[in-house]
Amino acid sequence: MGPLTFGNTRFTPAFGALPCLLSAVIDRGMTELLRDDETGISRAAGLLRDGALVAFGTETVYGLGADATNADAVAGIFAAKGRPHFNPLICHYDSADAAFRHVVPDARAQVLAAAFWPGPLTVVLPRRDDCPVALLTGAGLDTLAVRVPAHRSGLALLRAVGRPVAAPSANRSGQVSPTTAAHVLAGLEGRIAAIVDSGPCVVGVESTVLDLSGPQAVLLRPGGATLEAIEAAIGPVVQGATPGAALRSPGLLSSHYAPSLPVRLNAEKVGADEALLAFGAPLSGAGATFSLSANGDTAEAAARLFEGLRALDTEGRRLGLRGIAVMPVPATGLGLAIRDRLQRAAAPR
Ligand code: TXA
Ligand code: MG
C-alpha cells in the first residue's frame with residue numbers, strides 16, 4: 001500500500017515511505033500526517049532536528065513546534081502562522097531538570113514544577129547565560145517561558161528530539177486554537193512539514209502563564225492550571241490584566257481566538273438568528289446550539305471550547321446566522337481561562 005493522499009496532506013503509513021519521495025513532497029508544500037506511534041514520532045523528531053516545522057498534540061492544544069535552538073526554524077513558525085510580531089514563544093521540555101538547565105529557577109519555580117509538571121503550567125524565568133535557546137524564541141527578552149507538557153506522545157517527541165521545542169498554538173495568527181489534527185490542517189495545511197495526530201486534546205485551553213522573573217508572581221495568562229491551585233502552592237499571585245503585563249505577554253493583547261462571526265457574551269436570551277454556545281441548561285430558541293457542559297462543569301467546558309467556537313462559526317455561516325451568543329461562565333476553576341478566551345473572541349477587530 002502506498003501513502004494515502006487527501007487534499008494537500010499525505011498520510012504516511014507506519015512502515016514509512018522513501019525519504020527522497022517525502023522530501024519531494026515537502027518541497028511541493030505538502031503536510032505529512034503522522035501517527036503518534038514510534039515510527040511517526042521518530043519521523044517527526046528527525047524533521048524537527050532538521051529545522052522543519054511539526055505540529056504535535058499536547059494536553060492543552062496542538063503546538064506548532066520548531067527546534068528552539070535554531071533561529072531559522074523559529075522564524076518559520078512566525079511565517080507559517082502569519083504572526084505579525086515576534087511574540088515570545090514557550091519552550092517545551094521533557095522534564096523539569098532539562099528546563100532548569102536553561103533558566104534559573106527560584107524556590108517558587110521548584111515548588112510549582114514539583115506540583116504541576118508535567119502539566120498545563122508555563123513559568124517565565126530568567127535565561128541562564130549559557131542558554132542555547134535562540135534569542136528569537138524569547139523575542140529577545142532576558143526571560144524564557146518554559147513548560148513540561150503532560151502528554152504521552154508529546155513527551156515522547158520531546159525526548160526523541162533531545163532539544164527544547166518552541167511551540168505556540170498551531171493555528172494561523174488570531175484564529176481559534178486547534179484541539180484536533182483536523183483543526184491544525186484547516187489552518188496550516190501545506191505550510192508545515194508534518195502533524196503528529198494524537199487525537200483530541202484533553203484540557204482544551206492553553207497553559208497558564210505565570211511570570212516568576214520578579215519578586216511577585218504575576219498571572220500573565222489564565223489557563224489549564226487553575227489560579228486556586230497555584231495560590232495553594234505558592235501563595236498570592238498578582239493578576240496580570242494591567243498594561244504592563246499585557247506588554248510582557250503579547251498574547252494577552254486585543255482580539256485573539258476569533259471566529260469570523262461576531263461573539264456576544266453573557267447572553268441571557270438568544271434569537272433564532274443567532275448560534276448559541278451554551279453552559280449549563282441551554283437557552284431555548286437559538287438557530288444552532290453547542291453545549292459546552294450540560295451540568296456546568298468548567299473542565300469539560302474548557303475541553304470543548306475551541307471545538308464549539310469552530311462548530312458554531314461553520315454552522316452559523318452555513319445557516320446565515322448573525323453571530324454567536326455565549327451564556328455566562330463562572331470565574332472559578334477553568335472558568336477563568338474560558339472567560340479570558342471568550343473575551344478575546346468577542347473583542348473588536
Ligand atoms: O498550552 C500552551 O501553552 C500552548 C501549547 C502548544 O503548549 N502554547 C501556547 O503558546 O499557547 P502561545 O505562543 O500561543 O502563547 C505563549 C504565551 C503568549 O501569551 C506569550 O506572550 C507568553 O506566553 N510568553 C512567552 N514567553 C514569554 C516571556 N518570556 N515573557 C512573558 N510572556 C511570555
Ligand atoms: Mg495561541
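These questions and replies ask how the terms used for this predicted model follow from its values.

Me: What are the ground rules for this model?
Reply: This is a predicted model, where local features need pLDDT of at least 70, side-chain atom pairs count only at pLDDT 80 or more, and totals for chains, interfaces and linings use all residues. Residues are numbered from 1 along each chain as its sequence is written, chains are lettered from A and ligands numbered from 1 in the order in which they are written, and side-chain values use heavy atoms, with hydrogens and water left out.

Me: Why is α2 called oblique to α6?
Reply: Take the angle. Helix α2 (residues 38-49) packs against helix α6 (residues 152-161) at about 50 degrees, and their axes are 9 Å apart. Angles under 35 degrees count as roughly parallel, over 145 as roughly antiparallel, 65 to 115 as roughly perpendicular and the rest as oblique. The α2 and α6 pair is therefore oblique. Axes here are lines fitted to C-alpha atoms, for helices over the stretch in contact, and angles run from 0 to 180 degrees between N-to-C directions. Helices are DSSP runs (H or I, at least four residues), as are strands (E, at least two), numbered from the N terminus.

Me: Which residues make α2 meet α6?
Reply: From α2 come I41, A44, A45, L48 and R49; from α6 come S153, A156, L157, A160 and V161. Contact means heavy atoms within 4.5 Å. By class, this contact has eight nonpolar residues, one polar and one charged. Ala, Val, Leu, Ile, Met, Phe, Trp, Tyr, Cys and Pro count as nonpolar, Asp, Glu, Lys and Arg as charged, and the others, Gly among them, as polar.

Me: What makes α5 and α8 oblique to each other?
Reply: The axes of helix α5 (residues 107-116) and α8 cross at roughly 130 degrees and come within 10 Å. That angle falls in the rest, so the pair is oblique. R108, V111, L112 and F116 of α5 make the contact with A229, I230, A233 and I234 of α8. Seven of these residues are nonpolar, none is polar and one is charged.

Me: Why is α10 called roughly parallel to α11?
Reply: Helix α10 (residues 298-319) and α11 cross at roughly 20 degrees, with axes that come within 9 Å. An angle under 35 degrees counts as roughly parallel, so α10 and α11 earn that name. On the α10 side the contact uses T298, A301, A302, L305, F306 and L309; on the α11 side, G335, I338, R341 and L342. The classes are seven nonpolar, two polar and one charged.

Me: How do you know that there is a cavity, and what lines the largest cavity?
Reply: A search of the whole structure finds one cavity of 30 Å³ or more. On a 1 Å grid over the protein atoms alone, a cavity is a set of points where a 1.4 Å probe fits but cannot get out; lining residues have an atom within 4 Å of a point. The largest cavity holds about 40 Å³ of space. Its lining includes T208, L219, P222, E228 and L334. Helices α8 (227-234) and α11 (335-346) each supply at least two lining residues. The lining has seven nonpolar, four polar and one charged residues.

Me: What makes A139 and P118 worth a look?
Reply: Most residues other than glycine have a negative phi, and most peptide bonds are trans. A139 has a positive phi, near 50 degrees. The W117 to P118 peptide bond is cis, with omega near -5 degrees. P118 lies in the loop between α5 and β7 (121-126), and A139 in the loop between β7 and β8 (143-147).

Methods:
On a 1 Å grid over the protein atoms alone, a cavity is a set of points where a 1.4 Å probe fits but cannot get out, and a pocket is an open set with protein on both sides within 12 Å along at least five of seven lines; lining residues have an atom within 4 Å of a point. Grid points are joined across faces, edges and corners, and a volume is the space filled by probe spheres set on the points.
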